[in-house]
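Reader: Hi! Could you walk me through this one?
Author: Happy to. Here it is.

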Amino acid sequence: MANDGPVEHGYPHLETVRAAVTALYQRLSYDTIQTFSTSVAPADVAFCDTDDLHLGAQRVAREMMRHFRLPDARLIVCFREMTHAANVELAAGPEYFVELNDRFRTHRRDIGAALAHEVMHVYLHRLDLSFPGTAQNEILTDTATTYLGAGWLLLDAYREDTVSSQKLGYLTPEEFGYVLAKRSLVFGEDPSVWFTSPQAYTAYTKGMAQARRDEQQPPLTAAGWAGRRRYARDRRHVHGPQPGVPYTFTPDGAGGHLRVSFPCPTCHQRIRVPVRGRVRARCGLCRTVLECDT
């Protein structure tokens, strides 16, 4: 939690974020991810200053449990002084104890964001899905929270001006915006209408631009002129992986023909297709149909 401290920007964790999206599709399947097509609604996690602190926190926790399909789990929420925004004790269940930073006693509208991240820890724990190392695992948790419909709350908790700042989670604001944009492109949902933070909206638009660039990389037909020219040159002079590009050429092994592999712009699993001009490919993981010019 950045509390009046510096907020990191940009895309320093982008490769881990993309790996997390791939891991979600691999572990949950396309069909299960489709059941999360509707995000947590603002009204369901609304928390005003007149609400009872503990009863309100338990209500929001139950809503998060419902959203992430954990009907048999119970969250016990308390508040204490701590450095991080929140912490959850990942025991066997069905009860899980969550501690929230005392800051949330007076910043109640962000309780939903903190609980979304902690409930996702429970969800991933039950799935037995994790990344090695604390930092990598926290990035997985933020990415999963966002892609499955509750992470817009984490981005909306980001506020920054000349004298103060607040940010929850381990992703940068732009990385949250990127994952939200990925979700939006899959489900046709516009989370920007829920933002109360103008900085969150800016981060989302930057993330959307980055997500769109994923769809404009060769050999996809939406690639720009410069990318297509570089691709054609690399195809003529194959010398293994090329730095700075997402595609890789390899011999087919049958008749000396080439194949090109590249990441799916939706789930980032690598797809391998023959180099033979116009090709329509279908990702076996997320079922996205891709128009390619190889």
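**Loops, strands and core**

Author: Let's start with His268, which counts as buried at 13% relative accessibility (buried is under 20% relative accessible area, exposed over 50%, partly exposed in between, with a 1.4 Å probe and protein chains only).
Reader: What kind of model is this, and how are residues numbered?
Author: This is a predicted model, where local features need pLDDT of at least 70, side-chain atom pairs count only at pLDDT 80 or more, and totals for chains, interfaces and linings use all residues. Residues are numbered from 1 along each chain as its sequence is written, and side-chain values use heavy atoms, with hydrogens and water left out.
Reader: Cool. Where does His268 lie?
Author: His268 sits in the loop between β8 and β9 (strands are DSSP runs of E, at least two residues, and helices are runs of H or I, at least four, numbered from the N terminus). Its phi is near 70°, a positive value in a residue other than glycine.
Reader: And Ser29, what is its phi?
Author: Phi of Ser29 is near 85°, also positive in a residue other than glycine. Ser29 is in the loop between α1 (14-28) and α2 (30-34), and it is partly exposed, with a relative accessible area of 30%.
Reader: Back to the strands: in what order do β7, β8 and β9 run in their sheet?
Author: The 3 strands form an open antiparallel sheet in the order β7-β8-β9 (two strands pair if DSSP finds at least two bridges between them). β7 (248-251) and β9 (270-274) are the edge strands, each pairing on one side only.
Reader: How many bridges join β7 and β8?
Author: β7 pairs with β8 (residues 258-263) over 4 bridges, and Thr250 has Arg259 as its bridge partner in β8.
Reader: Switching topic, which residues have the most contacts inside the largest nonpolar core?
Author: Leu100, Leu115 and Tyr123, in a core of 90 residues. A nonpolar core is a set of buried Ala, Val, Leu, Ile, Met, Phe, Trp, Tyr and Cys residues joined through side-chain atoms within 4.5 Å.
Reader: Which helix gives the largest share?
Author: Helix α4 (residues 111-127), with 11 residues.
Reader: Last one: why is α7 described as largely enclosed?
Author: Because 13 of its 15 residues are buried. Helix α7 (residues 173-187) is followed by Gly188, whose phi is positive, near 65°.
Reader: Any cis peptide bond, and where?
Author: The bond from Pro218 to Pro219 is cis, with omega near 15°. Pro219 lies in the loop between α8 (198-214) and α9 (225-236).

Conventions: Expected span 1.5 Å × (residues − 1).
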